[in-house]
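Trainee: I should like to take a close look at a single part of this structure, namely the sheet and what surrounds it. Would you kindly guide me through that part in one connected account?

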Amino acid sequence: RKETKRRNIGGGQLFGDPVWEMLLDLLLAKLEDRRGSVSSACIASGAPMSTALRLVRRLDSEGVLFKIPDEGDRRRHFLMINADVEKALVDHVSEQVSQKRTR
């Protein structure tokens, strides 16, 4: 049930485990006031690098993530989560934490 609800945050099948791990990594980066890089998100996904890069491209093309070029190094990009997806992600994580506290 939790997995189904989690997948529904992003509209379906995209929100499997590697994407979930990427999004949590990017959310954590934001909460820690640092920028999340493509390479960091790929590593966090736990998927092979080629698979993770494909996921980043797909999430970017579907508007879940936005790639932002690094002004100091044009070869590198940072990632930001779409505000609507971020809110749904925060709400879901908060709900899970609240449920654990009430048990």
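Mentor: G36 stands opposite L79, a residue of strand 3. The model in which this pairing appears is a predicted one. Strand 1 and strand 3 pair in the antiparallel sense, and two bridges link them. L79 also serves strand 2, for it is the bridge partner of K67. Beside that pair, I68 of strand 2 stands opposite F78 in strand 3. In total, five bridges join strand 2 to strand 3, which covers residues 77-81, and these two strands run antiparallel.

From these pairings the sheet can be drawn. The three strands form an open sheet in the order 1-3-2, with antiparallel pairing. Strand 1 (36-37) and strand 2 (65-69) are the edge strands, as each of them pairs on one side only.

F78 deserves a second look. The charged end of R35 sits over the ring of F78, at 3.8 Å from the centre of that ring. Pairs between aromatic rings are another matter, since the structure holds zero of them.

We may now turn to one end of the range of strand 2, where L65 lies. Is L65 buried or exposed? Residues count as buried when their relative accessible area is under 20%; L65 has a value of 0%, and therefore it is buried. Which residues surround L65, once its neighbours within four places in sequence are left aside? L65 is in contact with L23, L26, L59, D60, L79, M80, I81 and N82. One of these, L79, is the residue that stands opposite G36 and is the bridge partner of K67. A distance along the same stretch of chain may also be noted: the C-alpha atoms of L65 and A83 are separated by 9.2 Å, while the two residues are 18 apart along the chain.

Two of the contacts of L65, namely L23 and L26, lead us to helix 2, where both are among the buried residues. The other buried residues of this helix are V19, W20, M22, D25, L27 and A29. Helix 2 consists of 15 residues, 17-31. At 1.5 Å a residue these should span 21 Å, and the end C-alpha atoms are 21 Å apart, so the expected span and the model agree.

Between helix 2 and strand 1 there is a loop, and D33 lies in it. Most residues other than glycine have a negative phi. D33 is not a glycine, yet its phi is positive, at about 60 degrees. This residue comes just after helix 2. Is D33 buried or exposed? The threshold for exposed is over 50% relative accessible area; D33 reaches 73%, so it is exposed.

Finally, the part we have examined should be placed in the whole chain. The chain contains five helices and three strands. Read from the N terminus on, its elements follow the pattern α-α-β-α-α-β-β-α. The chain has 103 residues, of which 35% count as buried, L65 being one residue in the buried class. Among contacts between residues at least 6 apart in sequence, 47% join residues at least 24 apart. The chain exposes about 6600 Å², and carbon and sulfur atoms supply 52% of that area.

Conventions: Residues numbered from 1 in each chain as written. Predicted model: local features only at pLDDT ≥ 70, side-chain atom pairs only at ≥ 80, totals over all residues. Heavy atoms only, no water. Pairing = 2+ DSSP bridges. Helix = DSSP H or I, 4+ residues; strand = E, 2+ residues; numbered from the N terminus. Phe/Tyr/Trp six-rings, centres within 6.5 Å; stacked < 30°, edge-to-face > 60°. Lys NZ or Arg CZ within 6 Å of the ring centre and 35° of its normal. Expected span 1.5 Å × (residues − 1). Buried < 20%, exposed > 50% of the residue type's maximum accessible area, 1.4 Å probe, protein only. Contact = heavy atoms within 4.5 Å. Areas by Shrake-Rupley, 256 points an atom, 1.4 Å probe, with all protein chains shown as cover.
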